[in-house]
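Here are my notes on the model, set out as numbered points. Have the structure open while you read.

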Amino acid sequence: MATQILMPALSPTMEEGTLAKWLVKEGDEVSSGDIIAEIETDKATMEFEAVDEGVIGKILVSEGTSGVKVNDPIAVLLEEGEDASAVDEAESPVPGEAQAEAAEDAKETKDADNAPAEKSGAKSAPSAAPKTEKAPAAPQDADGKRVFASPLARRIAADKGVDLSALKGSGPKGRIVKADVEAAETGKAAPAKADAPKAEAAAPAPAAPTVSSSAIAKMYEGRDYEEIELNGMRKTIAARLAEAKQTIPHFYLRRSVKLDALMKFRSQLNKQLEGRGVKLSVNDFIIKACALALQSVPDANAVWAGDKVFKLKPSDVAVAVAIEGGLFTPVLKDAEAKSLSTLSAEMKDLAARARDRKLAPHEYQGGSFAISNLGMFGIENFDAVINPPHGAILAVGAGIKQPVVNDEGEIEVATVMSMTLSVDHRVIDGALGAELMKAICENLENPVLMLA
C-alpha cells in the first residue's frame, strides 16, 4: 500500500508550517535521506528528508501553502510495482488509522530525541529535524503476493523477528498495523477497534475573548489602512508571549548600575585587542556578568518544567535579537566558561545568522535566562516578558549621564544604566531574585573581577 508523506515536526514546538518549496516532482524516484522539500517553521526554513525510498506518486500540498498542520499528508510515496490506484487508496485512508500511527511514530522519535543525557554529564548532539529509521521493504507471502503492512508495523516486526506473512491485519482493508505485530508477539489477538478504550476528554479551557479581523475591519470602515497577513513567526510570537503573560506569575526587580568603570575597562581592552580585530560591546560584558551571576546564585539558574523545576549547572544565556518581522533568542551555551572575546565573536555570528533566518533549532532553544537590551535604541527602562521555560529575563536600558551622590557624599556625573529583572515567581522567590540582581550589578561595576 502506498505510504503517505506527512508534514514533519521540525522542532519540539512546531504545530504547523509552510511548505515553502518542493525539490521533487511527481514521478521522481527518491531514496532515504534525499532532500525533497523546504519547510518554513515559525523560526526558519529547513530541509526535509525522505525517510523511505520509492516514487513520488502524488503531491497533495502545493508549494507556498501555509498553515499545514504537523502530521497532515503532503504527498504520496509509491513503492516498487505500485500504480495510480495505490495513490487513491493512500489519499483516502480509514479516518484516524494512518494519522494515529504517524502520530505515534513521531512521538517515539521525539521521545528518543528528548531523552535526558546520562548523569555522567555527556551531552547529546541536537538534531535539526527528527528522523525515523527506514522501514523494511514490504514482505511477500508464500505465493509471492505482497503483504500489506504499515511502515511502523514493518519496523517493529523486523526488530522482534515476527513473520508478517503469518498475520491477519486488523487495519483498513486488512492492513497489518502495530497492534497486530505486538499481539502476535504476546500470542494475543489484536483488540477490535470498537473495544479500544476511549480517552477521557479534558474540559476545554475557557477561551479568551477575542475580536475577529472582520469586526475590526468594520470598525475602521472608510479609513485608510493596510491589512498585513501574519506570518508563522508573528503568529508564534503572539501565541507564546500571550501564554507567558497569562500563565507566568511575573514580578519585577529594578536596579541602576554605574558603568564608568566598565566603560574605561572596555576601552583599555579594545585597544589591546585591536590587532586581533576584536571589539567588545557593553552587551558582551552584560552577558558575561549574567552568566557569572547565575553561577554565584545557582538556585536562580533554573527553569519551570510544569510539575517540577530543573536546576541547570552551566549558564546558558539567551539574548534577544531583533529581525525583520519578529525576533530570535539565540543561546550562548556555557557562557560562564567563555572569554569576553569568544562571547563577542559567538554573539556576532548568532545575530548575523538570526537576521538571515539561518539558525538551527538547537541554537535558539533552551537556556535558563535571557537578556533583552533596548538601550541602543535610547530606551531608558522597560519590563520584558519571560520567555518560557526560562526563570527570568533581564531588560537593559540605555546608559545615561546623570548626577549621582558618590560614597563621599559628593555630587558627581556618572553613566547610569537602568535594569529590570522579570522573574517567574514559581521558580525564583523575591529574596533569591534580589540576590541574583545584586550579583549582576557587582559584576558590571567591578568588571576586572569577570576576568578572574
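1. A word on burial before anything else: buried means under 20% relative accessible area, exposed means over 50%, and partly exposed is in between, with a 1.4 Å probe and protein chains only. On that scale Asp349 is partly exposed, because its relative accessible area is 38%. The areas come from the Shrake-Rupley method with a 1.4 Å probe, and for residues only the protein chains shown count as cover.

2. Some ground rules. This is a predicted model, in which local features need pLDDT of at least 70 and side-chain atom pairs count only at pLDDT 80 or more, while totals for chains, interfaces and linings use all residues. Residues are numbered from 1 along each chain as its sequence is written, and side-chain values use heavy atoms, with hydrogens and water left out.

3. On to the salt bridges, meaning a side-chain nitrogen of Lys or Arg within 4 Å of a carboxyl oxygen of Asp or Glu. How many salt bridges does this rule give? The count is eight. One of them links Asp349 to Arg353 at 3.1 Å, N to O. The two residues sit four apart in helix α9, so about one helical turn separates them. Arg353 is partly exposed at 23%. Helices here are DSSP runs (H or I, at least four residues), strands are E runs of at least two, and both are numbered from the N terminus.

4. Glu346 pairs with Lys338, the closest N and O atoms being 2.8 Å apart. Glu346 is partly exposed, since its relative accessibility is 22%.

5. Take a look at Arg426 and Asp424 too: this salt bridge has its closest N and O atoms 2.9 Å apart. Is Asp424 buried or exposed? Asp424 counts as buried because its relative accessibility is 0%, whereas Arg426 is partly exposed at 30%. Elsewhere, Asp349, Arg353 and Glu363 are joined into one network by salt bridges that share partners.

6. Now the strands; two of them pair if DSSP finds at least two bridges between them. Strand β4 (residues 35-40) pairs antiparallel with β2 (residues 16-22) over four bridges, and Lys21 has Glu38 as its bridge partner in β4. β4 is also joined to β5 (residues 45-49), by five bridges and again antiparallel. These two strands, β4 and β5, make a hairpin with four residues between them. Ile39 stands opposite Met46 of β5. Met46 counts as buried because its relative accessibility is 10%. The C-alpha atoms of Met46 and Ala20 are 9.3 Å apart, with the two positions 26 residues apart along the chain.

7. There is also an open four-stranded sheet, ordered β1-β8-β6-β3 with antiparallel pairing. Its edge strands, β1 (3-6) and β3 (29-30), each pair on one side only. β6 (residues 54-59) meets β8 (residues 73-78) through four antiparallel bridges, with Lys58 opposite Val76. Four bridges also join β1 to β8, antiparallel, and Thr3 faces Leu77 there.

8. Which residues cover the two sides of β1? Thr3 and Ile5 lie on one side, Gln4 and Leu6 on the other, and all are buried. In a regular strand the side chains alternate between the two faces of the sheet.

9. Some backbone spots to check. Most residues other than glycine have a negative phi, and most peptide bonds are trans. Asn71, in the loop between β7 (65-69) and β8, has a positive phi near 80°. Asp334 has a positive phi too, about 55°, and lies in the loop between β15 (331-332) and α9 (340-355). The Pro388 to Pro389 peptide bond is cis, with omega near 5°; Pro389 belongs to the loop between β16 (369-373) and β17 (392-405).

10. Last, the surface. Patches are made of residues with over 30% relative accessible area and no salt bridge, joining like charges within 9 Å and nonpolar side chains (Val, Leu, Ile, Met, Phe, Trp, Tyr) within 5 Å. Ile216, Met219, Tyr220 and Tyr225 form a nonpolar patch, with about 420 Å² of accessible area together. Ile216 is found in helix α5 (residues 213-219) and is partly exposed, because its relative accessible area is 35%.
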